[in-house]
Amino acid sequence: MLSMSSTDYLLLSTTRGDPQLAETIWNTDANAGFKSRYLLLLYHCDRLIQAAQQHHWPVPTELTPCFLESRCNDAIAALGGSPITEGCYRVAHAVNPTVVTSPLPYPDPMAASLWLPSASTPDPPFLGPDLLTVYLDTAPTPASLFTRTKTTYRDHYNAARDRSDLPPLPTSSPFEVVLHNEDDEITETSIRNIAFVRRSPPRWVTPHASSGCLPGVCRRWLLEQGRIIEADAGELKKAIVRDGEYVLTFNGVEGCRLGRVKLHSA
């Protein structure tokens, strides 16, 4: 997570640190040929710059992928880890960098995006992490600058998690909540972007950026690779989310993770 600050909140971007990514062709391609053990580092840099502009903040001249790589390495080293040979980390960039570390055991963070349900494979194979149980929020979260950019101001996300009785972050949990805006358009989850199986032939369809969702770095990569597509107007409405349907969730730390909708409380 790299952040830039005002007096009230920070701009953030959180990435996955994983030695195998330095030798992964698609990650190097996404970083414009720059080999990095951090997931989609160039995209994180782009998003921070765009967010700073949206918040009308000055963009630091040193904000480059090489700078982010160096800060990530320094932060891991400060915790006694090796930025070259140690396992996977959740890396948080800040004005004064801090790092949160956690195991991320599954090997290919994008593998889940390659599965779609079909007559022959109606249920997904095991692709690493367990399925998320995904609830539908009971109240709207209006679209705003704070849903379109990632910041430390998270009251709206915390409120959505509270309504579904999810534990406060950063507690790890196999549960998530899907948000919708004031027009009942699905937007995202509390910490992930999301896609639903729609159309014929089936495709992973993600809320359109106009819904007010966060334009996440993993979302950008999946769109560019054609693994997901953006929804048309009215295609992803709260009323047509189905109990038991599979969803694809994704962010810049986990990569992709499958989930299943549960429309009633446990």
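**Cores and two buried residues in a predicted model**

User: This is a predicted model, so let's begin with one residue: what does L40 touch, not counting residues up to four places away in sequence?

Analyst: Leave out the residues up to four places away in sequence. What remains for L40 is W26, N27, A30, N31, M110, V217, C218 and W221.

User: Which residues touch the most other members of the largest nonpolar core?

Analyst: That core has 21 residues. L40, whose partners include V217 and W221, is on the list. In full, the residues touching the most other members are L40, W204, L248, F250 and C256.

User: And which element gives the largest share of this core?

Analyst: Four elements each supply at least two residues: β8 (193–198), β11 (246–251), β12 (255–261) and α6 (217–224). The largest share is four residues, and it comes from α6.

User: How many residues are in the other core, the one with V178 and F196?

Analyst: This core lies apart from the largest one. V247 and V261 are also among its members. Its residue count is 14.

User: Is S164 buried or exposed?

Analyst: S164 sits in the loop between α5 (155–163) and β6 (175–180). Beyond its neighbours within four places in sequence, S164 is in contact with Y135 and V177. Its relative accessibility is 16%, and buried means under 20%, so S164 counts as buried.

User: Then why does H156 count as buried?

Analyst: H156 is in helix α5. Leaving aside neighbours within four places in sequence, H156 is in contact with T141, F146 and T147. The cut-off for buried is under 20%, and H156 counts as buried because its relative accessibility is 15%.

Definitions and conventions:
Residues are numbered from 1 along each chain as its sequence is written. This is a predicted model: local features need pLDDT of at least 70, side-chain atom pairs count only at pLDDT 80 or more; totals for chains, interfaces and linings use all residues. Side-chain values use heavy atoms; hydrogens and water are left out. A nonpolar core is a set of buried Ala, Val, Leu, Ile, Met, Phe, Trp, Tyr and Cys residues joined through side-chain atoms within 4.5 Å. Buried means under 20% relative accessible area, exposed over 50%, partly exposed in between (1.4 Å probe, protein chains only). Contact means heavy atoms within 4.5 Å.
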